Amino acid sequence: MAHCVTLVQLSISCDHLIDKDIGSKSDPLCVLLQDVGGGSWAELGRTERVRNCSSPEFSKTLQLEYRFETVQKLRFGIYDIDNKTPELRDDDFLGGAECSLGQIVSSQVLTLPLMLKPGKPAGRGTITDFLGKSDPFLEFFRQGDGKWHLVYRSEVIKNNLNPTWKRFSVPVQHFCGGNPSTPIQVQCSDYDSDGSHDLIGTFHTSLAQLQAVPAEFECIHPEKQQKKKSYKNSGTIRVKICRVETEYSFLDYVMGGCQINFTVGVDFTGSNGDPSSPDSLHYLSPTGVNEYLMALWSVGSVVQDYDSDKLFPAFGFGAQVPPDWQVSHEFALNFNPSNPYCAGIQGIVDAYRQALPQVRLYGPTNFAPIINHVARFAAQAAHQGT
């Protein structure tokens, strides 16, 4: 399962934050927390503070491990930072939002309303998740949804008009949405510690053009270009090397369009023990729960985020089934072979509860029919190109 763990970096921006400061806009910061169980949340990281801004686009990405097999509940909190203490309790809360990492992965770009508390929106505020001499630094922006999204900010090189920036690595999906033709805007700016950076110049390109190295681009300052007829450029940027290295992960398959369809096979063989005995895996406790139902909820709650129609075929095997009581290793859990689909995880649970008292546990344990059943579905989908 090691390949199912992938480091991801969340880029975060906000719009229409409420103003808590008198006479100026808030100075927002975003903190990311993850549910660790038992009602507790652990902080995973914070963005930088953006001064005097109601629609910040944070340059610092927040990194965390994406685990497909786990429901990773996330909480985002936006705070107006007006002091130097790391504590957030003494800062104004501008709103928060909760979601799962699976939702972000399957949506790729997820916009949520900010809430001050359940049922109370934070105005129109939203949060979006999707990575002497001049002191120059570079910013790369990707075009999408009619906006420019910051995808990378270089280090600042002090007192240098001929800087050489370090090599950097950015996931292609984050950099250009996986499309080499996506427009990329590059801004070169002069760093200022108070955040009032001065634009040196900008140019437009794409990943495809950046790969045609060596490549050279003129940095153009629009205002200077308009004011001076003799203006040529504010310097040039040379790309010495640009290489795309393919490193496929489970996340790539999910975000690349791989469809995940969830099929359940329930073991009704006699090795489970008599369902009326507390020692049996099929024994329903006084609260109506058993090992199979707990497994269904644990696995299903993860997979359902990735199944578009939420209709899950469910089968049983290893039991004698009515009306002829022949042993079956592939029977519909809802006893409807022409439509074995159940609506959501609850639908599977309901079908299981109804089937359990109607079948006789038998044997042997034979997984093959259900596995081949699912394999035929996959082969048919592959043949159809879907």
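**Entry 1: strands 10 and 11**

I began with strand 10 and strand 11, which pair in the antiparallel sense over six bridges. The model is a predicted one. I looked up Q143 and found its bridge partner in strand 11, W148. Two residues lie between the strands of this hairpin. One residue to note there is D145, which takes a positive phi near 60°.

I then checked the cover on strand 10, residues 136-144. Eight of its nine residues are buried, so I noted the strand as mostly covered.

**Entry 2: the four-stranded sheet**

Next I followed strand 10 to strand 12. The two pair in the antiparallel sense over seven bridges. Here E139 has Q187 in strand 12 as its bridge partner. I went on from strand 12 (residues 184-190) to strand 13 and found antiparallel pairing over seven bridges. On that side, S189 stands opposite L199 in strand 13.

I wrote down the whole order: 11-10-12-13, an open sheet of four strands with antiparallel pairing. Which strands stand at the edges? They are strand 11 (147-153) and strand 13 (198-205), and each pairs on one side only. I also noted the turn between neighbouring strands of this sheet, which is 30° on average with direction ignored.

**Entry 3: T205**

I stayed on strand 13 to look at T205, which has its place there. Is T205 buried or exposed? It is buried, because its relative accessible area is 6% and the cut-off for buried is under 20%. The T205 side chain makes a polar contact with the side chain of Q209, at 3.0 Å. I listed what else T205 touches, not counting residues up to four places away in sequence: T182, P183, I184, V186, L210 and F217.

**Entry 4: domains**

I looked up the domain assignment. It gives domain 1 (6-130), domain 2 (136-239) and domain 3 (252-383) for the protein chain. I noted 54 Å between the centres of domain 2 and domain 3, taken over C-alpha atoms.

**Entry 5: S100**

I turned to S100, which lies in strand 7 (residues 92-100). S100 has a relative accessible area of 7% and is therefore buried. Which side chain makes a polar contact with the side chain of S100? It is that of D305, at 3.3 Å. I left aside neighbours within four places in sequence and found S100 in contact with Q72, K73 and D305.

**Entry 6: helix 6**

I checked helix 6, residues 291-303. Its 13 residues reach 18 Å from the first C-alpha to the last, close to the 18 Å expected at 1.5 Å a residue. At the start of the helix, a side-chain oxygen of N290 comes to within 3.1 Å of the backbone nitrogen of Y292.

I listed the buried residues of helix 6: Y292, L293, L296, G300, V302 and V303. Strand 16 (264-267) and helix 7 (344-355) are among the elements that cover them.

**Entry 7: the three-stranded sheet**

Last, I looked up an open sheet of three strands. Its order is 19-18-22, with antiparallel pairing. Strand 19 (326-328) and strand 22 (360-361) stand at the edges with a single partner strand each, so one side of each is left without a neighbour in the sheet. I then took the pair of strand 18 (residues 319-321) and strand 19, which run antiparallel and are joined by three bridges. In this pair, A319 stands opposite S328 in strand 19.

Terms used: Residues are numbered from 1 along each chain as its sequence is written. This is a predicted model: local features need pLDDT of at least 70, side-chain atom pairs count only at pLDDT 80 or more; totals for chains, interfaces and linings use all residues. Side-chain values use heavy atoms; hydrogens and water are left out. Two strands pair if DSSP finds at least two bridges between them. Axes are lines fitted to C-alpha atoms, for helices over the stretch in contact, and angles run from 0 to 180 degrees between N-to-C directions. Buried means under 20% relative accessible area, exposed over 50%, partly exposed in between (1.4 Å probe, protein chains only). A polar contact is a pair of N or O atoms within 3.5 Å; within protein, one must be able to donate a hydrogen and the other to accept it, and residues adjacent in sequence count only if both atoms are side-chain atoms. Contact means heavy atoms within 4.5 Å. The expected span of a helix is 1.5 Å times one less than its number of residues. Domain bounds come from an automatic or database domain assignment.
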